[in-house]
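Q: Could you take a close look at the nonpolar interior of this protein, and set it in the context of the whole chain? I would like one connected account, with the cut-offs behind each term.

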Amino acid sequence: MDPFFVVRGVTKRYPGVLALDGVDFDLRAGEIHVLLGENGAGKSTLVKILSGVVRPDEGDVLIDGASVRLDPPSVARTLGISTVYQELALAPDMTVMQNIFLGREVTRGRAGLLDPATMRRETHRLLKLLDVDLDPDTPVRRLSLATRQVIEIVRALAWKSRALIMDEPTSSLSEHETEELFARIARLKAEGVGIIYISHRLEEMDRIADRITVMRDGRVVTTRARGTVSRAELVRLMVGRELTEAFPKRVPNPGPEFLRVEHLTVPGRLVDVSFAVRAGEVLAVAGLVGAGRTETLRALVGLEPGASGSVFVRGRPVRLTTPREAIRQGIGLVPEDRHAQGLVLDMTVQQNIALASLPSCTNRGFLSFTRLAELARRYIARLRIKVASPAVRVATLSGGNQQKVVLARALAAGSNIVLLDEPTRGIDVGAKVEIYDLVNELAAEGNAVVLVSSELPEILGLADRIVVMREGRISATMNRSEATQETILAAALPVAEPVA
Ligand SMILES: Nc1ncnc2c1ncn2[C@@H]1O[C@H](COP(=O)(O)OP(=O)(O)OP(=O)(O)O)[C@@H](O)[C@H]1O
Ligand SMILES: [Mg+2]
């Protein structure tokens, strides 16, 4: 089948980085083409070129055989390429319908008057096609992240797109929402839309991919049809080496109690949450999206106003009212949403890493740039952060590498109670293993670790003890030895599941 577009020899350079190096790639109508690669491999850069955000330094994109220019993004969209960005790009105060037709309003007659009746009919038709039950007049602000993502897909259809690009669409979706997304992708495919799908979740590949392209260091390593390559081989192609055991064994050696939480309550969100973590221990917190796991961690660093209950650090009662106070007590949070809470995008990698440890980087009261740089270099090496120099702006790093910078900052601040909220989200398989090693190392060095994760294998592989949350409460506490996927799920699922 003839491809819809062909990428030929595309190269993109940034200062000190060859982000894309002679990339060849193509997309056919009605196929799902999965793009795999480690953090920093160049996936998002390729997406940016295809969506007209970035212009290639060399090479061409051909549509129906003719070389085209795709920038700015409005041109790419007009040519039939739509992108669902990870940081969703809808206007929150406009309605569903307004967002779908934004920039492409249907007009009537020569005066160019808006034709709401036609737009409404079209909106209804598209929502129905994707099986979405939604009032077109709802303001987008009121919708969940998953629903907003669907609106972006509907919008792509309204623009008669022939290609839809999704960069890590499931990274913040629950399992159920992911299933719904897959069903919708199947419908788009049946409509003849070609889909580029980027994800670090390898288990998704087997389910949806028609073809898989693996990138490494800005180059295409291989493009294969589904079923012609095993998962292990994909991993090897991505990381360029064999990966050893994902969950290294650690002999638990718990010391004194570092953190005790009693009756933690946040009106409307958390009810009577109590647990304790010892030095050298990894306590995993399992539960579904929305169960209150993130709120629990946030409350511990003073980010949930209205929180009540008692917190003890090394047996002493403390009042954790601000993040600064939490850091002073040795509690460091690596948040889930690195953009909203984690990073200062306009500052350098070095500054971001040192942000919470500036006092330790002073020399007789003056900020020591030598110490700053040393600290940054140490953690860049330890977490294998892929960056041309510590002095580049953090905004220029790939998604997964930004996540590592947030982790580096908490560690650099000398926290010995480390709260990790989904630390491997958006992280490639190779780097995941590094994060697992690091969690084990942190515990082995005598730190207390609280790990929130939605990946059950991760929980079972790393935890010494597990608490499960459901609807703002702790529904079960178990030792590693009594925990299985089944026992955890049983405690996490709603008690009486309504018939869907
Ligand atoms: N605006 C920019 N300025 C400088 N370097 C950049 C810029 N954008 C991307 N890079 C670099 O280009 C390389 C490829 O980045 P890209 O975002 O394409 O990776 P990715 O494969 O999407 O990774 P991830 O899985 O972490 O999202 C990285 O080394 C990144 O730091
Ligand atoms: Mg990316």
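**The nonpolar interior and its surroundings**

A: The protein has an accessible surface of about 22900 Å², of which 51% belongs to carbon and sulfur atoms; such areas come from the Shrake-Rupley method with a 1.4 Å probe, and for residues only the protein chains shown count as cover. This is a predicted model, in which local features need pLDDT of at least 70 and side-chain atom pairs count only at pLDDT 80 or more, while totals for chains, interfaces and linings use all residues. Residues are numbered from 1 along each chain as its sequence is written, chains are lettered from A and ligands numbered from 1 in the order in which they are written, and side-chain values use heavy atoms, with hydrogens and water left out.

The secondary structure comes to 17 helices and 24 strands, counted as DSSP runs numbered from the N terminus (H or I over at least four residues for a helix, E over at least two for a strand). The radius of gyration is 24 Å, close to the 23 Å that the globule rule gives for 500 residues, so the protein is as compact as a globular protein of that length; the radius is taken over C-alpha atoms, and the rule is 2.2 Å times the number of residues to the power 0.38. Along its principal axes, the C-alpha trace spans about 75 × 50 × 50 Å. Of the 500 residues, 51% count as buried, a term that means under 20% relative accessible area, whereas exposed means over 50% and partly exposed lies in between (1.4 Å probe, protein chains only). Among contacts (heavy atoms within 4.5 Å) between residues at least 6 apart in sequence, 66% join residues at least 24 apart.

Now to the interior itself. The largest nonpolar core has 48 residues, and those with the most contacts inside it are Leu-36, Leu-164 and Tyr-197; a nonpolar core is a set of buried Ala, Val, Leu, Ile, Met, Phe, Trp, Tyr and Cys residues joined through side-chain atoms within 4.5 Å. Helix 5 (residues 145–158) gives the most to this core, with eight residues. Apart from it lies another core, of 36 residues, among them Leu-343, Leu-397, Ala-408 and Val-439. Once residues up to four places away in sequence are set aside, the partners of Leu-36 include Lys-43, Ser-199, Leu-202, Ile-212, Val-214, Met-215, Leu-234 and Met-238.

Ile-153 has its place in helix 5 and counts as buried because its relative accessibility is 0%. Beyond its neighbours within four places in sequence, Ile-153 is in contact with Val-84, Leu-130, Leu-164, Met-166, Leu-181 and Leu-188. Its C-alpha atom is separated by 12 Å from that of Ala-186, which is 33 residues apart from it along the chain. Leu-164 appears again around Ser-82, whose contacts outside four places in sequence are Arg-77, Ala-156, Ser-161, Ala-163, Leu-164 and Ile-165. Ser-82 itself lies in strand 6 (residues 81–84) and, at 6% relative accessibility, counts as buried.

After helix 5 the chain enters the loop that leads to strand 9 (163–167), and Lys-160 is found in that loop. Lys-160 takes a positive phi of about 55° although it is not a glycine, and its 54% relative accessibility is why it counts as exposed. Another backbone feature is the cis peptide bond that joins Asp-71 and Pro-72, with omega of about -5°; Pro-72 sits in the loop between strand 5 (66–68) and helix 2 (73–78).

Farther along the sequence, strand 13 holds Phe-258, which counts as buried at 11% relative accessibility. Leaving out residues up to four places away in sequence, Phe-258 touches several residues, including Val-277, Ala-279, Phe-312, Val-313, Ile-417 and Ala-448. Also in strand 13 (residues 257–266) is His-263, with a positive phi of about 55° although it is not a glycine; at a relative accessible area of 46%, His-263 is partly exposed. Helix 9 (residues 293–300) is mostly covered, with eight of its eight residues buried, and among these are the charged-type side chains Arg-293, Glu-295 and Arg-298. Just after helix 9, Gly-302 takes a positive phi of about 75°.
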